[in-house]
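Here are my notes on the model, set out as numbered points. Please read them with the structure open.

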Amino acid sequence: MSDKFEPVIIGFTCNWCSYRAADMAGTARMKYAPNVRLIRLMCSGRLDPTFVLKAFADGADGVLVSGCHPGDCHYVEQNYKMLRRFHLLIRLLKQMGIEPERIKLVWASAAEGAIFADEINKFVEQVRALGPLNWGASKNGSEKVMVQETATEVPA
Amino acid sequence: MTTNGKPKFAMYWAASCGGCEISVLNTNEKILDVDANFDVVFWPVAMDAKYKDVEAMEDKSILLTLFNGGIRNDENEHIAKLLRQKSQILVAFGSCASEGCVPALANLSNVKEIVDTAYTTISTDNPNGIRPQPNYTVPEGELHIPTLYPTLRTLDQVVDVDYYMPGCPPESQQISAVLDLVIQVIQGKAQLPPKGAVIGAGVSTVCDECKRKRNEKSIKEFKRIQEIMLDPEICILEQGVICSGPATRSGCGALCPTAGAPCIGCYGPAENTLDYGSRLLSAVASVIDSNDPKEIDKILDGIPDPAGMFYRFNLAGSLLKASKPAWDK
Amino acid sequence: MERITIDPITRLEGHGKIEIFLDADGNVANTYFQIPELRGFERFCVGRQVEEIPLLTNRICGVCPEAHHMAGAKAVDAVYHVDPPRTAKMLRELLYSAFFVTDHTTHFYALAGPDFILGPDAPVAERNILGVIHKVGLEIGGKVIQARKYGHTVIEMIGGRKIHPCTSIPGGLTKGITEEQRQEIEKMGRWAIDFAQFSLNLFSDIVLGNKTYLDLILGDIYTHKTYYIGMVDENNKINFYDGKVSVVDPEGNRIGKYAPNEYTDWIAEHVEPWTYLKFPYLKKVGWKGFVDGKDSGVYCATPLSRLNASDGMATPLAQEQYEKFYSTLGGKPVHQRLATHWARLIELLYAAERWVQLATDPEITSDNFRTIPSEKPTEGVGIVEAPRGTLTHHYWTDERGIATKVNLVVGTTNNYAPISMSVNKAASSLIKKGTVVTEGLLNMVEMAFRAYDPCFGCATHSLPGKMPLELTIRDADGNPIEVLRQNC
Amino acid sequence: MIDDVFEAGLGYRKVIYTPFPQAVPKYPVLDRENCTYFQKGTCKACEKFCPTNAIDFTQEEEILNFDVGQIILATGWELFDARRISQYGYGRLANVFTSLEFERLSNAAGPTGGKVTLRDGVTVPKSVAIIHCVGSRDKNYNNYCSAICCMQSLKFAHLVHERTGAEVYNCYIDIRTAAKSYDEFYQRLLEEGTHFIRGKVAEITDAARYPGEEGKIIVQVEDTLIGKQRRLPVDMVILSAGLEPRHDHKEVARLFGLSCSSDGWLIERHPKLDPVATMTEGIYIAGCVQGPKDIPASVAQGAAAAARALGKIQQKEVSMEPIRATVDQDKCSGCRICNNLCPFNAILFHEDRMVSEVNPALCQGCGTCVAACPAGAISGTGFSNEQILAQIDGLLLKNIKTLEVLQS
C-alpha cells in the first residue's frame, strides 16, 4: 500500500459519445487511471446538478462530466443545456469552497477513446494535486467515507 | 402533572426566530381546539413550561411534539434528544427544524469569521480585540457561555423525525389543517400519513397555486427586482427575475408572487426531492437562451450569489450542508 | 463566594442567564446578565444581493420581522440613493403602524399585564394571559385576538404575508392597495383607536387607581437616570418609521438629533468577554461601565425613552395621554422603568391614530408606489423605531449591489446595559442576607427587565418572548443549596 | 446552355430539357431564366410545335403536402470543391479534371460520347495522373476516408488505359479495396501496367523545370516506397475529390430532429445494431447522408431503410425503446420550465389543467427535462434519479451495509 493519495472521481458519461469513447479506449487496450468510476447517462443533458453535489457530499474528490462535442449531440442540442447548468454549478461550487479544478467538463466523441483516456489521466493528476476533499467524512459525527486503498473493478 | 386522560401535546423552539410560534397563535380559535383535545404539557410561549416535568415523564408519553428551530449548540441538541425520547410523534416544525432556514446561511462561513465580524463592525468599540470566551473569570468568579457548533443542523440530523412541516413560518391555515387531522386521528376518524411524510403542504410546487400567466421560458438576461417594473399578470421568472416558485413546495398559496415579489423558497423542496438548490439551479440554467459559453457566462453574471439565491432556506438540509470553510479546520 | 444563577439556559434553548454573586455578608456583590448565543447575521448577509437582506433579516425575529423589514428597506433605498414615492412611504408606515398595534397589544396583555392585573405575587399557574382574562373578563381576550388579527390583516395586505413581509424593495413596494382594501383598513384602524383607548382606561383603572402599583412604579428599585433616544419627525414628535433620532440627557435636555447616516458619530458598542451581546452607548459621552447618570454613556431606547426624547405625539388623542403621563409622573424625563408599560399604551394609541391618518390619505391608493433606482449602489443606513428600541441597519455593497459589509444595531441590544443595571439594582435591593428567595421575589427581578420587553430573538438573533428563569443559590463551594425555577 | 449540373459544365443542354437520362419522373422541364418568352415576353414557338399541347407557360412551382408516418432521408452528398486545394491547380490549369468531370467525359452518353480528351475536346492524352484522396484523409480538409475514391480511381485508370492507351499514374496514400471482387480489380490494373505511386501529391503545376516538361502538367510527389521525390509530366490530371455532406446538412438535421457527427454526416441510432434508424422515431437514413459509401452499400442501406419503414407499416403498431420520460400530473405545477427544452417537441402543455405531459411516441429518452424539472415531477425510465443516485452510492461505497460483512 503506497501513501500516495488516490483520488476518487465519479464520471458522468453520455451513452452516445463519451461512454463509447471509454469503451473504445478499453477495447483498444488503452489504459486510463482507475480512479474514475463512470456512470452512464443517455445524454449529458440528463446531468442533474444533484448528482454532482451528491458525489461530492458522499466523498468523491472530483467529478468528471462528459458529453458530445457541441453540435454533435445525439439529441440535437441537449449537451448545451448541460453546459448552461455546468457554468452555474461551477459558480455555486466555488461559493461552497469546492475548487473548480475538482470538476471537469470533457467533450468527447465516440471515436475519441485516446483523447478521453488522456483527459481522464490529466484530470486524475489535477485532483491528486489538490488532495482529498473529504466532504462526507468531515461532518460532525457523520459516517466516515470508506475509500479503498486500491481501486477495485467498477461494474459498468 | 395532569392526568385527565387526554393525549399530551408539546411545542418547543430551538434556534429560531419565533415566527412559527406566532403563526400557531394566528390560528386563533384553533388553539382552543388544541386545549380541548390535548393536555398541553410543554409550550413555553403560551404557558409556564415545566421542563423538569418533561424530564420526569415516561418515554413516549407525549403524543405530539412540534419542534421548531435548528440545532446551533449543545443545548438545542440536548432538548431535541429529550423530546424525541419522550414523544411518540416528533414533527420538525417550520423551515428551521426541517432544513435550516435563513440562519443556516451561516454555514457559508466558519465560526471564527462569524465572531470576528460581529466584534469588529464599524460601530463596535473594541480596541483590544475582545472576543467572548466560553469560560471567563471575573473578579467574583467564573462565567460560562456555550460554545457555538461549527454549523447549524436540522432536527433530523440530530434525532429521528416522524414528520416534517415546512414553511417560514408554516401558514396558519396549514397548521389548523394538521391539528384537525391529528384530532381526527385521536378520535379514530383518520389515519396518520406514513412516517417521514411532509405534512401541512402540497405535493406540487408554488406555481401550482400561482395565478400568474405562464409561457414557455427562455431567459436572455437575469434581472434584479429593483431594476424592472414587473408585469403583475405574468410569471415573474419569465420576466427575468429569479423566482423560487417552480422548485418550492406548494402550500403557502403563492403569497409572495401574488404580492408582486418572487417566491423565496421558504416551503422547501418538492416531494421526494433530494436537494432543493440544485433542482432550482438546474431549472433556471436550463432555460438560459444561449449555447455560447461566453454568452452563458455573461448571462450568469446576473446571478451574482448562487448559494444565497438557491439555498436561501435550505443550506443545512442540502446535500453539502455547509461550505468547506465552515467545517474545514 | 456564594452565587445565584438565574439561568434560563437550563430550560435549554438558552438566551439569557443571570449570575448573581453574593459577598461574604450575603449581599449582592455583582450580577452578570449573559446572552449566550450569536447567529451571525452580520457575517452571512455579506455576499448576498443587497435587496434580499430585508427578507433575510426578517428572520432575525418572528415577533418583529416588520421592523427588520422596514429598517432593511430604508437601508437599501439609501444604498441605491433612491427616494421612494410618497405613497410607498405611507404604505410602509401604515403597515408599520398596524404592526405596532399588534405588537404592543401582545406585550401588554400577554407579558406585562399579568404582573399588574394579577399582581407579582399571584401563583405562577395563573400569571398568564388566561389569568388576565379570568380577572377582567372574557371579552378582553376576544379584543386582544381581534387586535392581533386586524394588525396581521393589514400587514398581509401591504406586506404580502402575515409574518415575514416581502414587498419592500429598493425604491418602494412591489404592490399598492385597492380602494376596497383601503376601506377595510380604515375600518379596522378606527376599531384599533377604540381598543387603544379601552386599554389605556383599563391601565388607568387597575394600575393608576391602585396605590401599591403606583408606588411600585415610582419606587427606586426600578429607576435609572440614563440618556434616552428615540426617533422624531421634523416637529420633534414621535415617529416610528422616519425622521431623526433625538438624544436627551438624564435631565431631559436634547443634546442633539442624528440622521441615520450619522449614527456612528453617536452610537458605539462596547464588548465584554463574558457575553455574546454587545453594549451600545453614546459615543460622545463614553463607556463608563454599568452606571447611570450624566457621565455614563448608557442610554435607553424603549417606549419610555421615545416619550422622553420627543416633544410630544403627532396625533391628538395620544398627545392628550402624553400630557397626562408626564403630569401624573412628575414631569420630564421619567426614569421609572415600570412606566414603560404606560408609555407603550400611549404609543399603541398613537399607532392606531396614525393607522387611520394614513389610511384616509387620498394618495394611499395611488399606483405610484415604485421608483426604479438609477444610481450605482454604495452604502446606506436605515433606521426605524422597533417596538423594543431604535433599530439600525447599515449595508455596504460593491457596484453590483452585493453586500460587502453589514452592521446591525438591534432594538433590544440598545437596552442591554440598562437591563443589566436594572437587574442588578432589583437583585441588590431585593436579595439581602437572610432573604428567603421566593418565586414572587424572583418575579420582581424578572419585572426589572420585562419592562424593556426584551426580545432576545432580536438581540441574539434567537428567540423572543417571556424569559424563563432558573435561580440557583450556591454555597461557597459551588454546591446548589436552593433551586427555584420559573417557566422552565 | 452549358449544363452545370448533370454534365459538370462539360456539356450543353437546351432551355427545355430532361435533367438527366434516368430522371424520375422522366419529363422535360423548361428553364425560365433562359427562356426567351419569360425574358422578353414573346416567342412561344415551342407551344406551337408541341403536338400534345404539353407546354403550359402558366404553370407555377407548388409545394405539395403529404401526411406520412415515416420518412427516409437519402439526400446524398456534395463533391469536395477541389479549388480549395489551390496547389492542385484545379480551375487554373485547364487539364486538371475532377472525378465528376471525368465521369461525364468517359460516359458513352456524355458530351464526348465517351471519348477521353483534354479540355479542348480533341487532343487525346498520352499520359494521365490520377490523384487519390483529394480533400479526404487530410486534416486540413476532411479527416475521414471518402470510401469510393480508390475504386473510382482504379476504374478511371482502367478506362483511360483502355480508351487511350496512355500511361496512367495513380498517386495514392493507401489502396482500399475491401469489398467483394474489388481487390481482384486492383490486381488486374497492376497487370495492365498502371503505375501506382504511394505518396501524397505536393503540387500540380505547369511550370517546367526540366527538359521534357514543357507543355505538360507536372505532378510533384514523394514516392514513399522508394523514398524519392518524383516529378511526373502528364497531359491530364484527374482529382479524385472526396465526398462531403450537403451544405445544408445542419438545417436538414434540425428539421428532422437529428444530429450530425462533427464531420456533418447524420448520425444513425446505433452504428452496428441500428444503422438505418435515427434518434427520431420514424426517420430513416440511407446512402451518403449517413456517411461516404459506394453504390452497393447505398443500395443495401436504402433497401434496409425501406424494409424498416415497411415493417412498421406491417406491424400496425409502434414499439419503442423503453427509455422515456413521464410527468407525474399531481406533482407538475405547470411552471413550463420543461416546455422549451425538448428538441423533439415531445412535451405538451395542457392549458386547461395547467400541467405538462410527455408524448411517449415522440420522447427519445435523453432525460434533459428530467434533470431540469424543478418539482421533480418528471421521471425517466431506466435512468431515474433513484437509480443514478444509487449508482453514486454504490461507486462511493456508501449505504452498502453488506459490504462490510463481506470484507470482514
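1. Start with the side chain of B:Lys220. One of its polar atoms lies 3.0 Å from the backbone oxygen of B:Asp289. The same side chain makes a polar contact with the side chain of B:Glu295, at 3.3 Å. Bear in mind that this is a predicted model. These distances are therefore computed from predicted coordinates, and side-chain atom pairs count only at pLDDT 80 or more.

2. Where does B:Lys220 sit in the chain? It is in the loop between helix H7 (172-186) and helix H8 (255-258) of chain B. Leaving aside neighbours within four places in sequence, B:Lys220 is in contact with B:Asp289, B:Glu295 and B:Ile299. The backbone tells a related story. The C-alpha atoms of B:Lys220 and B:Ile288 are separated by 6.1 Å, with these positions 68 residues apart along the chain.

3. Is B:Lys220 buried or exposed? Neither label fits. Its relative accessible area is 46%, so B:Lys220 counts as partly exposed. The cut-offs matter here: buried means under 20% and exposed means over 50%.

4. Next, the chain pairs. There are 5 pairs of chains in contact, and chains B and C share the most contacts of these. Chains C and D are a pair that does not touch. The nearest C-alpha atoms of chain C and chain D are 21 Å apart.

5. How many residues does each side bring to the contact of chain C with chain B? Chain C brings 90 residues and chain B brings 80. The size of an interface is often given as the accessible area lost when the parts come together. For chain C and chain B the buried area is about 7,400 Å². Carbon and sulfur atoms give 59% of that area.

6. Polar pairing between chain C and chain B deserves its own entry. The rule finds 4 salt bridges across this interface. One of them joins the side chains of C:Arg43 and B:Glu113, at 3.5 Å from N to O. There are also 26 residue pairs in polar contact across the interface, both residues being at pLDDT 80 or more. On the side of chain C that touches chain B, helix H6 (residues 138-159) of chain C gives the largest share, with 5 residues. By residue class, that side of chain C divides into 43 nonpolar, 21 polar and 26 charged.

7. Strand pairing also crosses from chain B to chain C. Strand E5 (residues 124-125) of chain B and strand E9 (residues 267-270) of chain C run parallel, joined by 2 bridges. B:Thr124 stands opposite C:Glu269. B:Asp125 stands opposite C:His270.

8. What is the strand order in the sheet that contains this pair? It is E5(B)-E9(C)-E10(C), an open sheet of 3 strands with mixed pairing. E5 of chain B and strand E10 (279-282) of chain C stand at the edges. Each has a single partner strand, so one side of each is left without a neighbour in the sheet.

9. Now chain A. It has 5 helices and 4 strands. Along the sequence the pattern reads β-α-β-α-β-α-β-α-α. Chain A has 156 residues, and 60% of them count as buried. Take the contacts in chain A between residues at least 6 apart in sequence: 79% of these join residues at least 24 apart.

10. The contact of chain A with chain D takes 36 residues from chain A and 41 residues from chain D. The two chains bury about 3,300 Å² between them. Carbon and sulfur atoms account for 62% of this area.

11. How many salt bridges are counted between chain A and chain D? The count is 1. The side chains of D:Asp393 and A:Lys54 meet in a salt bridge, at 3.0 Å from N to O. Polar contacts across this interface come to 9 residue pairs, both residues at pLDDT 80 or more. On the side of chain A that touches chain D, two or more residues come from each of strand E1 (9-14), strand E2 (36-41), helix H2 (49-57) and helix H3 (78-95) of chain A. E2(A) gives the most, with 5 residues. That side of chain A divides into 19 nonpolar, 6 polar and 11 charged residues.

Terms used
Residues are numbered from 1 along each chain as its sequence is written. Chains are lettered from A and ligands numbered from 1 in the order in which they are written. This is a predicted model: local features need pLDDT of at least 70, side-chain atom pairs count only at pLDDT 80 or more; totals for chains, interfaces and linings use all residues. Side-chain values use heavy atoms; hydrogens and water are left out. Contact means heavy atoms within 4.5 Å. Buried area is the accessible area (1.4 Å probe) that two parts lose on being put together, summed over both. A polar contact is a pair of N or O atoms within 3.5 Å; within protein, one must be able to donate a hydrogen and the other to accept it, and residues adjacent in sequence count only if both atoms are side-chain atoms. Ala, Val, Leu, Ile, Met, Phe, Trp, Tyr, Cys and Pro count as nonpolar, Asp, Glu, Lys and Arg as charged, and the others, Gly among them, as polar. Two strands pair if DSSP finds at least two bridges between them. Buried means under 20% relative accessible area, exposed over 50%, partly exposed in between (1.4 Å probe, protein chains only).
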